[in-house]
Amino acid sequence: VAILVTSGATLFTMSRVPGGEDELVFARAITSGDPRTLTQSLGGYDSHRATAAVINDLQASRPDSIVLIDGLLNGTLQLFIDDPTRLVTDPNRDHALVLEDPVDRVNYILTRDPNEVLPSALLKRFPTLYRDGAPWASYVTDIPEGRLRLFRVLSTAEQAQGVQPILPPRS
């Protein structure tokens, strides 16, 4: 009886506690009753391994690099990243500050195709980055397994020197 009472009280309390955007998206995907929603929004391990390989190569070639990634990629992706401390995602203390202006705060941004997945804080902040790029973001590569794009963030010094970003290919 005590377990039933405490379980009910916990469920009631947790249903009223606001969570992070990624937790809310995950909860909506679970409660939708459609397993395709969850699978589509979170992807598979193959795409996480392919994504991790790109980030691991990047971090090996640029040991100072910091990558801002979408919060919905965070959990499983970190299992395959050699140095997850060099990722910035939703739970990071500075995440809101980095999202506000990533220039000179991170070196790369990994974003998902907004037409293929549920929204996240990163996609809400930069809804056209994947498709159009940005004056401060240079396209690096696609990761087709995860419908992802990697952009290099141009520093203020590069922008002052007139470095022009590489635009992403039109899909």
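**Aromatic pairs, nonpolar cores and a buried aspartate**

Two aromatic pairs are present in the structure, which is a predicted model. One of them is formed by Y139 and F151. Such a pair is described by the distance of the ring centres and the angle of the planes. Here the centres lie 6.1 Å apart and the planes meet at 75 degrees. The arrangement is therefore edge-to-face, as the angle is over 60 degrees. The pair links distant parts of the chain. Y139 belongs to strand β4 and F151 to strand β5, twelve residues apart. Both Y139 and F151 are buried.

A further ring interaction involves R149. Its charged end sits over the ring of Y130, at 4.4 Å from the ring centre.

Nonpolar side chains tend to be buried together in soluble globular proteins. In this model, the largest nonpolar core contains 16 residues. The members that touch the most others are L68, V106, I109, L129 and W136. At least two residues of this core come from each of α6 (95–100), β4 (137–143) and β5 (148–153). A second core is separate and has 15 residues, including L73, L87, L110 and I143.

The surroundings of I109 were examined beyond its sequence neighbours. With residues up to four places away left out, I109 touches L68, P102, L122, L129 and W136. It also touches R149, L150, F151 and V153.

D70 lies in the loop between β1 (67–69) and α5 (74–80). Is D70 buried or exposed? D70 counts as buried because its relative accessibility is 0%, against a cut-off of under 20%. Its side chain makes two polar contacts that can be named here. One is with the side chain of R112, at 3.0 Å. Another is with the side chain of S120, at 2.5 Å. D70 and R112 are 42 residues apart along the chain, yet their C-alpha atoms are separated by 7.3 Å. Neighbours within four places aside, D70 is in contact with T89, L110, R112, S120, L122 and L123. Among these, L110 is also a member of the second core.

Helix α4 covers residues 45–61, 17 residues in total. At 1.5 Å a residue, the helix should span 24 Å. Its end C-alpha atoms are 24 Å apart, so the expected and computed spans agree. Buried positions in α4 are S47, H48, A50, T51, A52, I55, N56, L58 and Q59.

How values were computed. Residues are numbered from 1 along each chain as its sequence is written. This is a predicted model: local features need pLDDT of at least 70, side-chain atom pairs count only at pLDDT 80 or more; totals for chains, interfaces and linings use all residues. Side-chain values use heavy atoms; hydrogens and water are left out. A nonpolar core is a set of buried Ala, Val, Leu, Ile, Met, Phe, Trp, Tyr and Cys residues joined through side-chain atoms within 4.5 Å. Buried means under 20% relative accessible area, exposed over 50%, partly exposed in between (1.4 Å probe, protein chains only). Helices (H or I, at least four residues) and strands (E, at least two) are DSSP runs, numbered from the N terminus. Contact means heavy atoms within 4.5 Å. A polar contact is a pair of N or O atoms within 3.5 Å; within protein, one must be able to donate a hydrogen and the other to accept it, and residues adjacent in sequence count only if both atoms are side-chain atoms. The expected span of a helix is 1.5 Å times one less than its number of residues. Rings of Phe, Tyr and Trp (its six-membered ring) pair if their centres lie within 6.5 Å; planes under 30 degrees apart count as stacked, over 60 as edge-to-face and the rest as tilted. A charge sits over a ring if NZ of Lys or CZ of Arg is within 6 Å of the ring centre and within 35 degrees of the ring normal.
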